[in-house]
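Biologist: I should like to go through this structure with you and ask, at each step, on what grounds a description is given. Please show it first.

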Amino acid sequence: MPTTVGRRTNRLPPAPRVVLGVDQRLVVRIGIVAAVSYAAWLAIGAFGRPYNFFDMKIYHGAVLWWANGNELYDFVAPSTTLGFTYPPFAGLVMLPMSWLPVDAAGFVNALASIAALAVVLAALLRPIVDRLGWSLWFTVGIATPLAVAIEPSRETLGYGQVNLLLFALIMADLVGLRWRAKRGTHHETAESPLARFLYSGAWAGVGIGLATAVKLTPALFIGYLMLTRQWRAAWIAVGTTIGVTLATFGAVGEESRAYFTSVLWQTERVGAADMTANQSLAGLLARLYDSIETPGLLWLAFSVLVLALGLSRAISARTDGDELTAFTLVGLTANVISPISWSHHLVWVIPAIVVLADAAVRRREASRGLPLRNSGPTPATGVPVLRPPIWYPTLTGFRHAAGALGLYLLFLISPIWPYEHQLPEVSHYQDGLFGALMENSLAIALIVLVAALPWRPGAEPAFYHDRWGRTTPLTARR
């Protein structure tokens, strides 16, 4: 007789039904993935905006202008006042796309971004599907088009942005920390030196360093690594950022000096703070004050509060063994406190949805092991009868599941655009209180997530004995 542990047994899975040499279950799964992909395509058409690689045209035009001997930061896109705003290292990375037509460069970026998103989702979902016994490729095949359909992803792809690629770089360091925590289980049995190095996780920090060199906001992850005394990864991230920046100075010193002495401080190059697409705290406050500019002291005070809250919760999540939630909280905090967080920057809602959904499943699974309740003696025998609780297991995890679904639908529908307003022509209160709420809905959701995103104790610990640190949260708690 097979033994049972929880919901699992030691029975072998049923053999797939094969007809004419075709695994029917595989065909059904491929059909489901195709149907979900088509539904995601329809959702993008229904809730997305017209996309024409607008930002990619600026990047492509800027590097083409630069490749022809002009100054990178002197470029202004035709019919706009917009130019290149990234550090010069990003310009060097984007320089090869000057060899391609702009539309081809946009499609290459879109394909690379979708591939990077699929790899990230595989990394995020792997511990969950292994625990539940699901198929990884099938789960990722469904999750990827669902993730592509929501506001941050579709805006990133449609405008030719790089947010998903930077997201993948940072998540690579999360994987590195996981592997480093498990060192001795994989890398020692790997055949090649390269594989042993990769599985050792000794490179963790490189992704954050590269992302910081391209875009400054990932620097908050370096602060998080230092606060959690993950010194090796922190110093690798710092060294990568400084090394890449200095190398860029050596290669294109004039552009580097122009960026760090002038362009970096020209906030007007990216747009007005109150623009609807800016779903940061600064944008929220500007719209609430119905002003083009953010009230500076108020923004600073609330930013410090959100920063302290987000980092303290991230540290607590890591201490309780949930590195994914810790990284997610840091990313969400960076979105909130950044002066400009366009809606395509908000990719950290993707792991937030994963965390909420997994928290719901974990609570649901845990509820099946709850003690039975005493329903009192039966009239016939007078013997107390133990019955399982009827309503509690059914509703266990409901609020987390509802949170995951609600968050997904919010970013799928993205109600900010029907209530978009532009000062000074139209007040942000043109459509009343409800319109103002909808126009700020994504920013409000980010702040709520920073304050209330749950973590899953023991879900994904990334503790390790670091020779550069005397103690770690794991050893401190023993």
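Modeller: Let us begin with a term: a residue is called buried when its relative accessible area is under 20%, exposed when it is over 50%, and partly exposed in between. Please bear in mind that this is a predicted model.

Biologist: Why is Asp358 called buried or exposed, as the case may be?

Modeller: The relative accessible area of Asp358 is 2%. The limit for a buried residue is under 20%, and therefore Asp358 is buried.

Biologist: How do you know which class Arg131 and Arg362 belong to?

Modeller: Arg131 has a relative accessible area of 23%, and Arg362 has 25%. Partly exposed covers what is between 20% and 50%, so Arg131 is partly exposed, and Arg362 is partly exposed.

Biologist: What makes the pair Arg131 and Asp358 a salt bridge?

Modeller: A nitrogen of the one side chain and an oxygen of the other are 2.8 Å apart. The rule asks for a side-chain nitrogen of Lys or Arg within 4 Å of a carboxyl oxygen of Asp or Glu, so the pair qualifies as a salt bridge. Arg131 belongs to helix α4 and Asp358 to helix α16, so this salt bridge ties together parts that are 227 residues apart in sequence.

Biologist: Which other residue forms a salt bridge with Asp358, and where does that residue lie?

Modeller: Asp358 also pairs with Arg362, with the closest N and O atoms 3.0 Å apart. Both residues lie in helix α16, four residues apart, about one turn of the helix. In general, an α-helix has 3.6 residues a turn, so residues three or four places apart point the same way.

Biologist: What makes Asp322 and Arg456 a salt bridge, and which parts does the pair tie together?

Modeller: The closest N and O atoms of Asp322 and Arg456 are 2.7 Å apart, and the limit is 4 Å. Asp322 lies in the loop between α14 and α15, and Arg456 in the loop between α20 and α21, so the pair ties together parts that are 134 residues apart in sequence. Both Asp322 and Arg456 are buried. By this rule, the count of salt bridges is eight. Arg131, Asp322, Asp358, Arg362 and Arg456 are linked in a network of salt bridges.

Biologist: How do you know that the span of helix α18 agrees with its number of residues?

Modeller: Helix α18 holds 16 residues, 398-413, and at 1.5 Å a residue it should span 22 Å. The C-alpha atoms at its ends are 22 Å apart, which agrees.

Biologist: Which residues of α18 are buried, and what puts them on the same side?

Modeller: The buried residues of α18 are His400, Ala404, Leu407, Tyr408, Phe411 and Leu412. They cover an arc of only 130° around the axis, which puts them on the same side of α18. On the other side, Phe398, Arg399 and Leu405 are exposed. Among the elements that cover the buried residues are α1, α5, α6, α16 and α20. Just after α18, Ser414 takes a positive phi of about 50°.

Biologist: Which residues touch the most other members of the largest nonpolar core?

Modeller: That core has 109 residues, and Phe84, Phe327, Leu332 and Phe411 touch the most other members. Helix α4 gives the most to this core, with 11 residues. Leaving aside neighbours within four places in sequence, Phe327 is in contact with residues including Ile170, Met171, Phe221 and Trp348.

Biologist: How do you know that the span of α4 agrees with expectation, and where does α4 bend?

Modeller: The 31 residues of α4 should span 45 Å at 1.5 Å a residue; its end C-alpha atoms are 44 Å apart, which agrees. The helix bends by about 45° at Leu125, and a proline, Pro127, follows within four residues. Just after α4, Gly133 takes a positive phi of about 75°.

Biologist: Why do Thr240 and Gly61 count as they do, buried or exposed?

Modeller: Thr240, in helix α11, has 16% relative accessibility, and Gly61, in helix α2, has 17%. Buried means under 20%, so Thr240 counts as buried, and Gly61 counts as buried.

How values were computed:
Residues numbered from 1 in each chain as written. Predicted model: local features only at pLDDT ≥ 70, side-chain atom pairs only at ≥ 80, totals over all residues. Heavy atoms only, no water. Helix = DSSP H or I, 4+ residues; strand = E, 2+ residues; numbered from the N terminus. Expected span 1.5 Å × (residues − 1). Buried < 20%, exposed > 50% of the residue type's maximum accessible area, 1.4 Å probe, protein only. Arc of directions from axis to C-beta. Contact = heavy atoms within 4.5 Å. Core = buried A, V, L, I, M, F, W, Y, C linked by side-chain atoms within 4.5 Å. Bend = angle between axes of the 7 residues up to and from the residue.
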